[in-house]
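Here are my notes on this one, as numbered points. Have the structure open while you read.

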Amino acid sequence: MNSICKEILSDLYYIGANDRETELFENMLPLPRGVSYNCYLIKDEKTALLDTIRINKSGGFIENVRNILDGRKLDYLVVQHMEPDHSGCIKEVLEVYPDVVIVGNKRTKTMLYDLLELEPSDDKFMEVNNGDVLKLGKRELNFVMTSMVHWPESMVSYEPNDKVLFSQDIFGGFGTLDGAIFDDQADYSIYQSETRRYYANIVGKYSMVASKAVDSVKDLDIDIICPVHGFVWRKNPEIIIEDYRKWSNYETEEGVVIVYGSMYGNTESMADHLAQFLAEEGVRNVQVFDCSKTHFSYIVSEIWKYKGLILGSATYDNSVYPNMYNLLNLLKHNKIKNHALGIFGSYGWSGGAVKDLKAFAEGSAFDLTETVVEARGTMHEKELEGLRKMAKEMAEKVLEK
Ligand code: FEO
C-alpha cells in the first residue's frame with residue numbers, strides 16, 4: 001500500500017504516493033531523493049478526481065479514492081496531463097467507475113488513445129478549452145490551457161471559491177514527501193535544489209511558454225497550489241511561484257559553473273586554475289564539474305542557477321570530448337539564455353575541441369568572453385596568463401557592481 005491520503009480543506013483531498021524505487025525519472029534523470037506523484041479529489045454536488053498517479057505506485061490508490069467517496073460515484077476525471085506518471089491509473093479508475101466522464105482538451109482525447117488505447121464515447125468525454133468552467137456545486141473548475149508545460153495537452157485548473165490552483169507539473173519538484181505534504185511542514189531549502197533540477201531538466205526547454213503560464217496564473221488569487229509532484233503549497237505559495245518565475249525567465253545569480261572534459265588531467269588542471277583565479281577576482285560561488293563524472297542533470301541545474309559558464313574540453317579524435325559534446329547538445333536543446341560564457345581546452349595533436357566550443361558559442365545566445373584559451377597539451381605560462389585574463393573578464397560579467 002503506497003498511497004497516502006490527506007484532507008487539504010473540507011471535501012478536498014490529496015491522494016498520492018512516494019516513489020523511492022525508480023532509479024531514473026523518464027529513465028534518464030537520477031532520483032536520489034525520489035519523487036512523489038500527487039492527485040486530488042473534490043467532493044461537492046459532483047465529485048471530481050484531478051489526475052491519477054504512476055502505475056508502479058498504485059497500491060492503495062483506488063482504495064483511497066473509494067474510501068473518500070464513501071459510496072458516492074465519481075462524476076469527473078479531469079486529465080490535466082497525459083504523461084504516464086499521472087495518467088498511469090486512468091484505466092484502474094475506469095474499471096471501478098465506468099460511468100465517469102473524462103474531462104480534457106482535444107489533445108488529451110488523442111493521447112488517451114495513443115497512450116492507453118482508450119476511446120471514450122462522446123457522452124464520456126467532455127472537451128474543454130481555455131476559459132471553460134466546470135461547475136461542481138459550490139466549487140467549480142476554471143481551465144487554463146498551458147500547452148507545452150510540459151506536454152501539448154497540459155492544462156491547469158483553478159477553483160475560485162477556495163482559491164486553489166491545480167497546477168499539474170508546473171510548480172512541481174523532485175523529492176518524496178517525507179511525512180510533510182504541505183510546504184509549512186518542511187524546510188523547502190532542503191528541497192529547493194531538487195526542485196530546480198526538476199525544473200531545469202523537465203520544464204526548462206519550454207521556459208518561454210512556462211514563463212507565460214506562470215504569468216497567466218500568478219495574477220489569479222491563489223491561496224493553495226496543488227501540483228502533481230512535491231508539496232501542496234498552502235502557507236507560502238508565492239515562494240514556488242517566484243522560483244518558477246525566476247527560472248522560466250532565465251534569471252541567474254552571481255556565480256560561475258566550470259565544466260570540463262579531461263582524459264589525463266591537463267584540461268582539468270586548467271579548470272582548477274580558472275576556479276582559483278575567479279575566486280581571487282571575488283567570485284564567491286564557483287563550482288567545478290567533471291562532465292564524465294557528474295550526471296548532466298545536476299550540471300544543467302547549476303548552470304541554470306548561475307550567471308557564468310565556462311566550458312573546457314580536451315580534444316578527442318579531432319573534436320570536442322564526447323561527454324562535453326553531449327552536454328553542448330543538451331544546452332542547445334534546453335535553449336539556455338542569459339549567461340556569460342568562457343571556453344578553453346587543449347589542442348592535442350591536431351586541435352578540434354576549442355574549434356567545436358567556439359562553434360557552439362557562435363550558435364548560442366551566450367555572451368562570450370574576449371579571451372579564449374587553448375593549450376597544446378599541458379599549459380604553460382602563456383596559457384596561465386590567458387586563464388587569468390579570462391577569469392577577470394568573466395568576473396566583470398557576473399559580479400554585480
Ligand atoms: Fe510529471 Fe510531465 O509529468
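1. Let's start where α5 meets α9: Ser193, Glu194, Arg196, Arg197, Tyr199, Ala200 and Asn201 of α5 touch Phe296, Ser297, Tyr298, Val300, Ser301, Glu302, Trp304 and Lys305 of α9. Contact here means heavy atoms within 4.5 Å. By class, that contact splits into 6 nonpolar, 4 polar and 5 charged residues. Ala, Val, Leu, Ile, Met, Phe, Trp, Tyr, Cys and Pro count as nonpolar, Asp, Glu, Lys and Arg as charged, and the others, Gly among them, as polar.

2. Some ground rules. This is a predicted model, in which local features need pLDDT of at least 70 and side-chain atom pairs count only at pLDDT 80 or more, while totals for chains, interfaces and linings use all residues. Numbering runs from 1 along each chain as its sequence is written, and side-chain values use heavy atoms, with hydrogens and water left out.

3. Now the geometry of that pair. Helix α5 covers residues 188-203, and its axis comes within 8 Å of the α9 axis, the two crossing at roughly 95°. Axes are lines fitted to C-alpha atoms, for helices over the stretch in contact, with angles from 0 to 180 degrees between N-to-C directions. α5 and α9 are therefore roughly perpendicular to each other; the bins are under 35 degrees for roughly parallel, over 145 for roughly antiparallel, 65 to 115 for roughly perpendicular, and oblique for the rest. Helices (H or I, at least four residues) and strands (E, at least two) are DSSP runs numbered from the N terminus.

4. α5 also meets helix α7 (residues 237-248), with axes that come within 11 Å and cross at roughly 35°. The crossing of these two is right-handed, as the near helix is turned clockwise from the far one by less than a right angle (anticlockwise would be left-handed). On the α5 side you'll find Tyr188, Gln192, Thr195, Arg196, Tyr198 and Tyr199, facing Ile239, Ile240, Asp243, Tyr244, Trp247 and Ser248 of α7. The class count for α5 with α7 is 7 nonpolar, 3 polar and 2 charged.

5. Back to α9 (residues 296-305), which packs on α10 (residues 322-333) at about 50° with the axes 11 Å apart. The pair is therefore oblique. Phe296, Ile299, Val300 and Ile303 of α9 contact Leu327, Leu330 and Leu331 of α10, giving 7 nonpolar, no polar and no charged residues.

6. On to the domains: the assignment (automatic or from a database) gives domain 1 as 4-248 and domain 2 as 254-398. Their C-alpha centres lie 39 Å apart, and the contact takes 16 residues from domain 1 and 13 from domain 2. Between them they bury about 1,200 Å², 55% of it on carbon and sulfur atoms; buried area is the accessible area (1.4 Å probe) that two parts lose on being put together, summed over both. In domain 1, Arg196, Ala200 and Lys205 lose the most area to domain 2, together 46% of what that side buries.

7. Two backbone spots to look at. The Val149 to His150 peptide bond is cis, with omega near 20°, and His150 is in the loop between β11 (140-145) and β12 (155-159). Glu26, not a glycine, has a positive phi of about 55°; the loop between β3 (24-25) and β4 (29-30) holds Glu26.
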